[in-house]
Amino acid sequence: MSIQIEGITKYYGKQKALDNVTFNVTRGEILGLLGPNGSGKSTLMKIITSFISPDSGCVKVCELDIQTDSIASRSKIGYLPENNSLYPEMYVWEYLDFIAGIQLPRNKRKARIKEMIELTGLSIEQSKKISELSKGYRQRVGLAQALMHDPEVLILDEPTTGLDPNQLKEVRALIKEVGRNKTVILSTHIMQEVEALCERAVILKEGSVVANQKTNELKFDFSSTYSVVVEFDTYVEKLSLLQIEHVTDARFLKDKWVVEAKGNIDIRPLIFQFAVDQGMHVLSLNKLEKSLETVFRELTKK
């Protein structure tokens, strides 16, 4: 495991920010770390990157304990915080040269800077001041500095906030590319981003893990309702549909009904039998897949 998090608990005064958080992340995996504001995401990332210490529990990065091997573990991590702190008066190349000077031996700096500029698509902007860059290109500079020392682990806190659709697409593609050979934890509020980038998601609520599963499974295993879209060959009253066993709600959209049942009960056979009993034909009957955003709301609502 590239990252092992076991029983992490953190208090700010009397307020518990994290409560016995445990999960692992493997090499080559892009993990989505999700949760509403105040759920503990940023606190957890600050602990992993050794900015703050936990009150209890253990974190290992590439088998190195972040408390007993702090310097060594930090050398394995590239970190892009939510507030990407850059020096606006510096030129792009100048800034990356400054970062390389901190992290790399002199004989490797120039080649690595060129490599990072090419990887992050900064070639046409490398001679500009950072203050002259768009938000998207500033994020690219932040990614370039996080990757400069070729870390095994990449921690990204809200890396695409404020980007336009074109910038979003470009930065997502970049994250996906660099994540092929690294371990990535990506914190975001954008559910489409998680679906596009992440194989698995950990969802926090009030400092506790409420879900830790593959993104394509979350929609089914943690949804509190089962929904289908059905079209009959004649109009049906809502009251009639509500008489079907397990059905809790129904709403008419254009020429079709969206019918819901509580839990994960497959009501399609019951709806088909209802149509047979009423002497109607079912023209179409399909399961309605829940969005990740819907599941997120259901898991994190108070």
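Strands β11 and β13 pair in the antiparallel sense, with 6 bridges between them. That pairing is a handy way into this predicted model. One contact across the pair puts Y226 opposite A261 in β13. On to β14: β11 pairs with this strand too, again antiparallel and over 6 bridges. Here V229 has N286 of β14 as its bridge partner.

What about burial in β11? Strand β11 covers residues 225-232, and 8 of its 8 residues are buried, so the strand is largely enclosed by the rest of the structure. In a regular strand, side chains alternate between the two faces of the sheet. For β11, one set pointing the same way is made up of T225, S227, V229 and E231. Y226, V228, V230 and F232 point the other way, and the residues of both sets are all buried. E231, then, is among the buried residues of this strand.

Zooming out, these strands belong to an open sheet of 4 strands, in the order β12-β13-β11-β14 and with antiparallel pairing. The edges are taken by β12 (247-253) and β14 (282-288); each has a single partner strand, so one side of each is left without a neighbour in the sheet. On average, neighbouring strands of the sheet are turned by 20 degrees against each other, direction ignored. At the β12 edge, the link to β13 (residues 256-262) is antiparallel and consists of 6 bridges. Within this pair, R251 has V258 of β13 as its bridge partner.

A residue in another strand is also worth a look. A211 sits in strand β10, which spans residues 208-214. With a relative accessible area of 2%, A211 counts as buried, because buried means under 20%. A211 and L34 are 177 residues apart along the chain, yet their C-alpha atoms are separated by 9.5 Å.

Then there are the pockets. The largest pocket has a volume of about 560 Å³. It is lined by 20 residues, and those closest to its centre are F51, I77, Y79, Q103 and Q145. Two or more lining residues come from each of β6 (77-80), α3 (92-103) and α5 (135-147). Helix α3 gives the most to this lining, with 5 residues. By residue class, the lining of the largest pocket divides into 10 nonpolar, 9 polar and 1 charged.

The second largest pocket comes in at a volume of about 230 Å³. Of its 18 lining residues, N37, G38, S39, G40 and K41 are the closest to the centre. The elements giving two or more residues to this lining are β2 (15-25) and α1 (41-48). In the second largest pocket, the lining residues divide into 3 nonpolar, 9 polar and 6 charged.

How far can the prediction be trusted, going by its own confidence scores? The mean pLDDT of the protein chain is 91, and 98% of the residues reach 70 or more. Strand β1 (residues 3-12) has the highest confidence, at a mean of 97. Helix α8 (residues 215-221) has the lowest, at a mean of 76.

How values were computed:
Residues numbered from 1 in each chain as written. Predicted model: local features only at pLDDT ≥ 70, side-chain atom pairs only at ≥ 80, totals over all residues. Heavy atoms only, no water. 1 Å grid on protein atoms, 1.4 Å probe; cavity = no way out; pocket = protein on both sides within 12 Å on 5 of 7 lines; lining within 4 Å. Points joined across faces, edges and corners; volume = space filled by probe spheres on them. Nonpolar A, V, L, I, M, F, W, Y, C, P; charged D, E, K, R; others polar. pLDDT = per-residue confidence, 0-100. Buried < 20%, exposed > 50% of the residue type's maximum accessible area, 1.4 Å probe, protein only. Pairing = 2+ DSSP bridges. Axes fitted to C-alpha atoms, helices over the stretch in contact; angles between N-to-C directions.
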